[in-house]
Amino acid sequence: MNYLSVENLTKSFGIRVLFNDITFGIEKGQKVAFIAKNGTGKSTFLNILAGKEGYDSGNVVFRKGIKVGILDQMPEFNEKLTISQVLFDSDSEQIKAILAYEKAIENPDDNEKMQTAFEQMDALNAWDYEVRIKQVLGQLNIHNLEQNVGELSGGQKKRIALAQVLIDQPDFIILDEPTNHLDVEMIEWLENHLTKENMTILMVTHDRYFLERVCNEIIELDDETLYKYKGSYTYYLEKKQEREEVFEANVDKAKNLYRKELEWMRRQPKARGTKAKSREDAFYETEKTAHLKKDKSKVAMEINMSRLGSKILEIHHAQKAFGDLKILDDFNYIFKHKERVGIVGKNGVGKTTFLDIILDKQQLDSGRIEHGETVVFGYYTQSGMKLKDNKKVIETIKDIAEVIPLAKGKKLTAAQLLERFLFPKHMHYNQVEKLSGGEKRRLYLLTILITNPNFLILDEPTNDLDLLTLNVLEDFLMEFQGCLIIVTHDRYFMDKLVDHLFVFEGEGKIKDFIGNYNDYRLNYKKPETKDKLVKKEVEIIAPTSKEEKQKTKLSYKEKFELEQLEKDLEHLEVKKEEFSNKLNSAISDHEELTQVTKELGEITAELNTKTDRWLTLSEFS
C-alpha cells in the first residue's frame, strides 16, 4: 500500500538547482533514510514533504486518510503553554478520554462523571494507551509536565516534540535528526521502539548505528539526482561504491570513443547522408557522457599542531556540586600524551560542567586543576557556535588569521583553506546566515582548528554534519597527535576514536573504563532491575485499569510467570547483544546481513513485549 508518492519533483533557488525531476514512493511499513551532503537540500526536501515550502514543479501526494507526524530539527512551540498542554493537544479520542478521566478523579464525589469516564476508557482501550504514554515520557526523561515550555532548552524541546510524535502514533513519521539531544540510553530505546513498531518512517540522521538498525531502505540525493537502495546502510555503501565505479568506467569508455568520433567529425563534409547524420547524433551523446564529472571534492584537514610539553593536564581531588547535585566527588586524573577519552553518562549528570571546569570556565568547590604551559585547547561545543550572520564566510576566517600555517612548513590563505573545507569560491562572499545548519557547523569547526590546538575537546561534534564530513573528520582525528576528549551520543563516532571512557555514574562518581562504548556496553549493560524499569514510568494519572485498581497480589500462576519472565529477559538480553555484535561486525554478505537484521528485530520485539508484561506483574509482587 503506497503511503507517499513524489513525482518529477524539481526545486531550485535562482540558478542553483537542489534536485531535478526526482520520483520515488514509500510503501506502508518501509523505514527509509534520506542521505545527502550538507547544503544540497535535505531540510528543504523535508519541508516540502511537510507542506512548509513550495517547489517548482512535480507532485507530492500522501495517501488519503493517513495521519502524518513530523519531528522538526528545531521544533517550535507556544512558549506560554505547559508541557502537558503541548503533549496532549491532539484530536485523538484516546487522549481526550484520558484527560476526561483525569478531571473525573479530581472530583471523586461526582459518581456519574466518574462512571462515564471509566466507561469511555474501557470502550477505547485507553488504559493501554496510558501505559504507553508513561513509558515514552519516562524513557525520554520528561517528568515535570506542568513546566512552562518557555523555560526549556533546545534539547528538551526536541525531546518534547519526539514524545509528542510517538504518543500520537501517526501512520507515517518524518524524522529530522531524531537522535540529536538524546543520551545513548534514550537512543537505544528509540532504536528498539522504532524497530518494533509497525510504522512507516522517512528520516534524516547522521547516526550510522541508528540508521543501520532502523532503516531498511536508503535514498540518496547526489548531483541533483535521487538514487534508491533497498537494504541497510552497509548495503548502501557497497552499492554506492559499485555505482561510482560503473560511472567512472562508462565515462572512460566514452572518452576513448569521443576521441575517435571527433576525428571522424572533423573529416566529414558539411552535407551528410542519413547514416552520417545518425552517427553525428550519436557523437553528441558520446560527447555529453565523456564530459561528465563526478564531484570528488572532500574536506581536507592539514592543520598544524602546537607542540605538547611533558605536563599536559592534571586534576587533583576535584569536588564540584550544585546544591545536592554532585558533579565531581574527589576525582583525580593525569592526562598523558595522545590521550583519547570518551565521556558517557545520562543527561544532567555534569558532562558539560566537567568540560567547563577543565577550561576554567567554571571553578571547583575544592581541589585543583593544573594546565601544562604548552597546552592549546580547542573547544567545539554547540553552545559556543556564535558565528555572526551578517558576516561573509571569508571574513569569519580572516578575523582569526589571514594566512594559516600547515604541517611541514606549508601555508594557506583563508580562501584556499575554505576551498579545502568544501566552501567553493562562489560561497566565500555569501553571508553566514545563508549557510545550511551543517555548513555552519563545518565553518565553526574550521574556526576551532585554525588556532592550532594540541588538546581538542569536542562536545557533540557530529550534530548536523553530513556523513561525508563525519568520515573525513574521523580520519583527521585518527591522525591527530594531541589529546582528545569527546562527548557524543554518536556511538559509531566514539567507537572509532576513543581508547577509554570516563563513565559519569551520577552522585559525582566517575569510572575510568578501558575500551570504547561498545566494549563498555557489553561489559556493564545488564538487564535492567525492577527499580530502574519502574522509575522510567511517569505517573500521569491514576491506576492502569479498573480491574488492576482492585488487585493487590499475584496468583500462584502469575508468580510462576514472573519468575520465568525474569529468566527469559536475561536470556533475550544476551541474544540481543550477540546479534548486535554481529551487526556491528563487517558482514559482507547481503543475505546474511538481512537475516541478522531481521532476527535482531524479532528478538527486540519479544524483549519489549516481555518487559511490558514483567512491568505489569511486578507492580503486585
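The chain has 21 helices and 20 strands. The model on display is predicted. Of the 621 residues in the chain, 49% are buried. Among contacts between residues at least 6 apart in sequence, 71% join residues at least 24 apart.

**Stop 1: helix H1**

Select residues 42-49, which form helix H1. This helix is mostly covered, with six of its eight residues buried. The buried residues of H1 are Lys42, Thr44, Phe45, Leu46, Ile48 and Leu49. To see what they pack against, add strand E1 (2-13), strand E2 (16-27), strand E3 (31-35), strand E4 (57-62), E6 and strand E7 (200-204). Then move to Gly51, just after H1, where phi is positive at about 80 degrees.

**Stop 2: helix H6**

Next, select helix H6, residues 154-168. H6 has 15 residues and reaches 21 Å from its first C-alpha to its last, close to the 21 Å expected at 1.5 Å a residue. Because 11 of its 15 residues are buried, H6 is largely enclosed by the rest of the structure. Display the side chains of the buried residues: Gly155, Lys157, Lys158, Arg159, Ile160, Ala161, Leu162, Ala163, Val165, Leu166 and Ile167.

What covers the buried residues of H6? The covering elements include strand E5 (68-71), helix H2 (83-87), helix H3 (93-106), helix H5 (126-139), strand E6 (172-176) and helix H7 (184-196). Strand E6 is also among the elements against which the buried residues of H1 pack. Just after H6, Gln169 takes a positive phi of about 50 degrees.

**Stop 3: the nonpolar cores**

In soluble globular proteins, nonpolar side chains tend to be buried together. The largest nonpolar core here has 97 residues, and Leu140, Leu194, Leu443, Leu456 and Leu477 touch the most other members. Helix H6 contributes the largest share of this core, seven residues. Apart from it lies another core, of 29 residues, which includes Ile343, Phe354, Ile357 and Ile358.

Return to Leu194 and show its surroundings. Leaving aside residues up to four places away in sequence, Leu194 touches Lys31, Leu166, Leu175, Met199, Ile201, Phe210 and Val214. One of these contacts, Leu166, is a buried residue of H6.

**Stop 4: aromatic rings**

A search of the whole structure finds 20 aromatic pairs. Select Phe331 and Phe502: their ring centres are 5.5 Å apart and their planes stand at 80 degrees, so the pair is edge-to-face. Which parts of the chain does this pair link? Phe331 lies in strand E11 (residues 325-334) and Phe502 in strand E19 (residues 500-506), so distant parts of the chain, 171 residues apart, are linked. Both Phe331 and Phe502 are buried.

Now select Tyr517 and Tyr520. Their ring centres are 5.9 Å apart and their planes are at 50 degrees, so this pair is tilted. Tyr517 and Tyr520 are separated by about one helical turn because they are three residues apart in helix H17 (residues 517-524). An α-helix has 3.6 residues a turn, so residues three or four places apart point the same way. Tyr517 is buried, with a relative accessible area of 6%.

Widen the selection to Phe331, Tyr333, Phe335, Phe354, Phe377, Phe455, Phe502 and Phe504, which form one aromatic cluster. Phe354 in this cluster is also a member of the core of 29 residues.

**Stop 5: charges over rings**

Select Arg213 and Tyr209: the charged end of Arg213 sits over the ring of Tyr209, 4.8 Å from its centre. For another such arrangement, select Arg442 and Phe423, where the charged end of Arg442 sits over the ring of Phe423, 4.9 Å from its centre.

**Stop 6: Glu474**

Glu474 is found in helix H15 (residues 467-479). Is Glu474 buried or exposed? Glu474 is buried, with a relative accessible area of 0%. Leaving aside residues up to four places away in sequence, Glu474 touches Arg208, Tyr492, Phe493, Lys496 and Leu497.

**Stop 7: cysteines**

A disulfide is a covalent bond between the sulfur atoms of two cysteines. How many disulfides does the structure hold? The structure holds zero. Two cysteines may still be selected: Cys215 is buried, with a relative accessible area of 5%, and Cys483 counts as buried at 0% relative accessibility.

Technical notes
Residues numbered from 1 in each chain as written. Predicted model: local features only at pLDDT ≥ 70, side-chain atom pairs only at ≥ 80, totals over all residues. Heavy atoms only, no water. Core = buried A, V, L, I, M, F, W, Y, C linked by side-chain atoms within 4.5 Å. Buried < 20%, exposed > 50% of the residue type's maximum accessible area, 1.4 Å probe, protein only. Helix = DSSP H or I, 4+ residues; strand = E, 2+ residues; numbered from the N terminus. Contact = heavy atoms within 4.5 Å. Phe/Tyr/Trp six-rings, centres within 6.5 Å; stacked < 30°, edge-to-face > 60°. Lys NZ or Arg CZ within 6 Å of the ring centre and 35° of its normal. Expected span 1.5 Å × (residues − 1). Disulfide = S-S within 2.5 Å.
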